[in-house]
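Work through the exercises below with the sequence and the model open side by side. Each task is followed by a solution in steps.

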Amino acid sequence: MHLRMKSLPLTQGDISTFQEKEEQQEVFAKLLVFAQQAEAIESVEKAKEMVKGLNLPKSWLKKYITFKPAPAKYSHHPIFWTPVIEVSGFGWESGQESDAHTHTNLYKNGFSTAVIKILEGTGVNQIFQQVGESELGEKLIVGCQAQELKTGEIAIVHPGEIHVFGNKSDSPLVTLHTYYPPLGNLTADERPKYRIVG
Ligand SMILES: [Fe+2]
């Protein structure tokens with residue numbers, strides 16, 4: 001298993017107290033178990049259960065949760081990833097939401113499943129359906145489902161589904177997103193253009 005972490009204080013000098021070191025070890029142990037379980041996810045229900053059980057201490061998570069004011073749509077920090085799974089932390093200010101998008105996987109041979117857990121606040125996940133295409137090649141989409149999620153609740157975005165996720169509440173929103181396989185970074189040309197028409 002290849003487990004990679006980003007932005008972690010891996011050198012001893014970055015951990016100032018014994019408690020922080022203990023917490024770090026505890027978190028690494030949890031992430032290793034999570035990464036091992038991810039090698040054999042047989043259903044969305046299993047993924048949901050895994051994400052529900054991934055309780056990382058707030059004090060440790062805080063370095064991955066930041067907020068960026070508009071025009072940013074959210075703030076995002078990868079926490080860890082392996083060839084089969086990726087976990088990221090997101091901070092959403094009131095009124096911020098993503099563009100409409102799908103989740104192309106790292107290998108660009110299909111789509112990822114997203115499991116979104118609300119850590120704090122209220123989020124809204126909207127699912128869209130394509131109803132046509134404009135002369136400019138934009139995919140015309142209409143909303144067909146919207147789900148409001150509170151702290152501790154989980155939304156699933158199935159492979160290939162077009163969605164918008166965001167914070168329609170008056171308070172900040174913090175979410176933990178798990179993608180399997182990990183996401184691929186599409187270039188501007190590769191990224192489909194969507195226009196919401198209803
Ligand atoms: Fe998404």
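**Exercise 1: Strand pairing**

E5 and E8 pair in the antiparallel sense, over 5 bridges. This is a predicted model, and the exercises take it as it stands.

Task: Find the other strand that pairs with strand E5 (residues 123-133), and state which residues stand opposite Phe 128.

Solution.
1. Strand E5 is joined to strand E6 (residues 139-149) by 10 bridges, and the two run antiparallel.
2. The connection between E5 and E6 is a hairpin with 5 residues between the strands. Gly 137, in the turn, has a positive phi of about 85°.
3. Phe 128 has Gly 143 as its bridge partner in E6.
4. In E8, the residue opposite Phe 128 is Ile 162.

**Exercise 2: Overall layout**

Task: Count the helices and strands, give their order, and decide how the radius of gyration compares with the globule rule.

Solution.
1. The protein contains 3 helices and 10 strands.
2. Read from the N terminus, the order is β-α-α-α-β-β-β-β-β-β-β-β-β.
3. The radius of gyration is 17 Å, and the globule rule gives 16 Å for 198 residues; the two are close, so the protein is as compact as a globular protein of that length.
4. The C-alpha trace spans about 60 × 35 × 30 Å along the principal axes.
5. Of the contacts with a separation of 6 or more, 76% are between residues 24 or more positions apart.

**Exercise 3: The nonpolar core**

Task: Describe the largest nonpolar core and identify the element that supplies the largest share of it.

Solution.
1. Buried residues make up 25% of the 198 residues in the protein.
2. The largest nonpolar core has 25 residues, and those with the most contacts inside it are Ala 38, Ile 85, Ala 114, Ile 116 and Tyr 180.
3. At least two residues of this core come from each of helix H1 (18-38), E2, E3, E4, strand E7 (154-157), strand E8 (162-166) and E9.
4. E9 gives the largest share of this core, 5 residues.
5. Take Ala 38 as an example: beyond four places in sequence, Ala 38 touches Thr 82, Val 84, Ile 85 and Tyr 180.

**Exercise 4: Backbone exceptions**

Task: Locate the cis peptide bonds that precede Pro 71 and Pro 181, then place Lys 108 and decide whether it is buried or exposed.

Solution.
1. Ala 70 and Pro 71 are joined by a cis peptide bond with omega about 15°. Pro 71 sits in the loop between helix H3 (58-61) and strand E2 (75-81).
2. Tyr 180 and Pro 181 are likewise joined by a cis peptide bond, with omega about -10°. Pro 181 is in the loop between strand E9 (173-180) and strand E10 (194-196).
3. Lys 108 has a phi near 55°, a positive value in a residue other than glycine. Its place is the loop between strand E3 (86-92) and strand E4 (113-120).
4. A residue counts as exposed if 12 or fewer other C-beta atoms lie within 10 Å of its own. Lys 108 has 11, so Lys 108 is exposed.

**Exercise 5: Confidence**

Task: State the mean pLDDT and find what residues 7-12 show.

Solution.
1. The mean pLDDT of the protein is 92, and 92% of its residues reach 70 or more.
2. Over residues 7-12, pLDDT stays under 50.
3. For residues 7-12 the model has 3 contacts beyond four places in sequence.

How values were computed
Residues numbered from 1 in each chain as written. Predicted model: local features only at pLDDT ≥ 70, side-chain atom pairs only at ≥ 80, totals over all residues. Helix = DSSP H or I, 4+ residues; strand = E, 2+ residues; numbered from the N terminus. Buried ≥ 20, exposed ≤ 12 C-beta atoms within 10 Å, placed from the backbone. Core = buried A, V, L, I, M, F, W, Y, C linked by C-beta atoms within 7 Å. Contact = placed C-beta atoms within 7 Å. Rg over C-alpha atoms; globule rule 2.2 N^0.38 Å. Pairing = 2+ DSSP bridges. pLDDT = per-residue confidence, 0-100.
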